[in-house]
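User: Hi! I am new to reading protein structures and would like to go through this one step by step. Could we do it as questions and answers?

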Amino acid sequence: MKKLLLLSFTFLLAGCVHHLMPQECQTMNWYGEGVMDGAAGKNPRDLSQSEQDCLKFKMNINTELYSNGWNAGVKQYCTPTKDEGVTDGRNGASKDKIKTIRGDFCPAAGSPLELNSYLDGYNYGIQTYCTYQHGYEMGVGGLEPGDVCPSNLREKFMAGWNAGRQIKSK
């Protein structure tokens with residue numbers, strides 16, 4: 001029984017390594033693969049196994065295309081959109097959330113973190129979050145207010161939160 005279990009485990013592990021087939025070697029969009037990896041904030045792939053696989057079929061892969069795609073993807077990842085900022089603001093995320101998530105990766109990948117569009121969206125979205133009504137709903141719900149509202153919106157938000165807390169405590 002132990003031998004059968006060990007043999008099953010060995011086959012399972014062997015199945016985890018994906019080897020490219022001739023069709024994949026011919027049709028793989030290496031630029032697109034690089035864009036997907038870079039845009040997801042992933043480090044570049046080690047393509048040595050893919051190169052070995054394709055060489056078995058006397059085909060080469062274009063690692064330069066992958067690299068160019070990865071660089072383009074990293075630029076996307078390191079330039080968060082206005083819509084991402086709006087979403088984070090509306091959800092009451094910290095203004096520094098994006099820096100925490102992407103701040104180390106981008107410079108290490110050779111791309112600065114460009115936040116202009118993101119911050120425009122964030123500033124718009126946070127106005128939706130930092131309202132009297134939202135503060136009130138959070139207070140009634142027993143949620144803590146956090147400290148994300150800018151000073152020009154904080155007083156109104158906190159007034160709503162305090163009113164909601166009073167309702168909850170009754």
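User: Which helices do the buried residues of helix 6 pack against?

Analyst: This is a predicted model, so to speak of local features we ask for pLDDT of at least 70, and side-chain atom pairs count only at pLDDT 80 or more, while totals for chains, interfaces and linings use all residues. Residues are numbered from 1 along each chain as its sequence is written, and side-chain values use heavy atoms, leaving out hydrogens and water. Helices here are DSSP runs of H or I with at least four residues, strands are runs of E with at least two, and both are numbered from the N terminus. With that in hand, the buried residues of helix 6 pack against helix 7 and helix 9 (116-129).

User: Which residues of helix 6 are buried?

Analyst: Buried means under 20% relative accessible area, exposed means over 50%, and partly exposed lies in between (1.4 Å probe, protein chains only). In helix 6, the buried residues are Gly85, Val86, Asp88 and Gly89.

User: Why are they on the same side of helix 6?

Analyst: An α-helix has 3.6 residues a turn, so residues three or four places apart point the same way. The arc is taken from the directions that run from the helix axis to the C-beta atoms. The buried residues of helix 6 are on the same side because they cover an arc of only 165°.

User: What is the relative accessibility of Asp88, and which residue does Asp88 pair with in a salt bridge?

Analyst: A salt bridge is a side-chain nitrogen of Lys or Arg within 4 Å of a carboxyl oxygen of Asp or Glu. Asp88 counts as buried because its relative accessibility is 9%. Its salt bridge spans 3.0 Å, N to O, and the partner is Lys97.

User: Where do Glu84 and Arg102 lie, and how many residues apart are they in sequence?

Analyst: These two form a salt bridge, with the closest N and O atoms 2.8 Å apart. Glu84 lies in helix 6 (residues 82-90) and Arg102 in helix 7 (residues 97-102), so the pair ties together parts whose separation in sequence is 18 residues.

User: Is Arg102 buried or exposed?

Analyst: Its partner Glu84 is partly exposed, at 28% relative accessibility. For Arg102 the value is 11%, so this residue counts as buried.

User: How many salt bridges does the structure hold?

Analyst: Side chains of opposite charge can pair when their charged atoms come close. We have already met Asp88 with Lys97, and Glu84 with Arg102. Counted over the structure, the number of salt bridges is six.

User: Which residues are linked in a network of salt bridges?

Analyst: Glu33 pairs with Arg45, their closest N and O atoms being 2.5 Å apart. This pair links distant parts of the chain, since Glu33 is in helix 3 and Arg45 is in the loop between helix 3 and helix 4 (48-55). Asp37 is also in helix 3 (residues 30-39). The network consists of Glu33, Asp37 and Arg45.

User: What is the relative accessible area of Asp37, and which residues is Asp37 in contact with?

Analyst: Asp37 is buried, because its relative accessible area is 6%. Contact means heavy atoms within 4.5 Å. Leaving aside neighbours within four places in sequence, Asp37 is in contact with Lys42, Arg45, Tyr66 and Trp70.

User: Which element gives the largest share of the largest nonpolar core?

Analyst: A nonpolar core is a set of buried Ala, Val, Leu, Ile, Met, Phe, Trp, Tyr and Cys residues joined through side-chain atoms within 4.5 Å. The largest one has 15 residues, and those with the most contacts inside it are Trp30, Cys54, Trp70, Val74 and Phe105. Two or more residues come from each of helix 5 (63-77) and helix 8 (105-108). The largest share, four residues, comes from helix 5.

User: Where is Glu144, and is Glu144 buried or exposed?

Analyst: Glu144 sits in the loop between helix 10 (132-140) and helix 11 (151-169). Not counting residues up to four places away in sequence, Glu144 touches Met138 and Trp161. Because its relative accessible area is 58%, Glu144 is exposed.

User: To finish, how many helices and strands does the protein have?

Analyst: Buried residues make up 32% of the 170 residues in the protein. For the elements, the count is 11 helices and zero strands.
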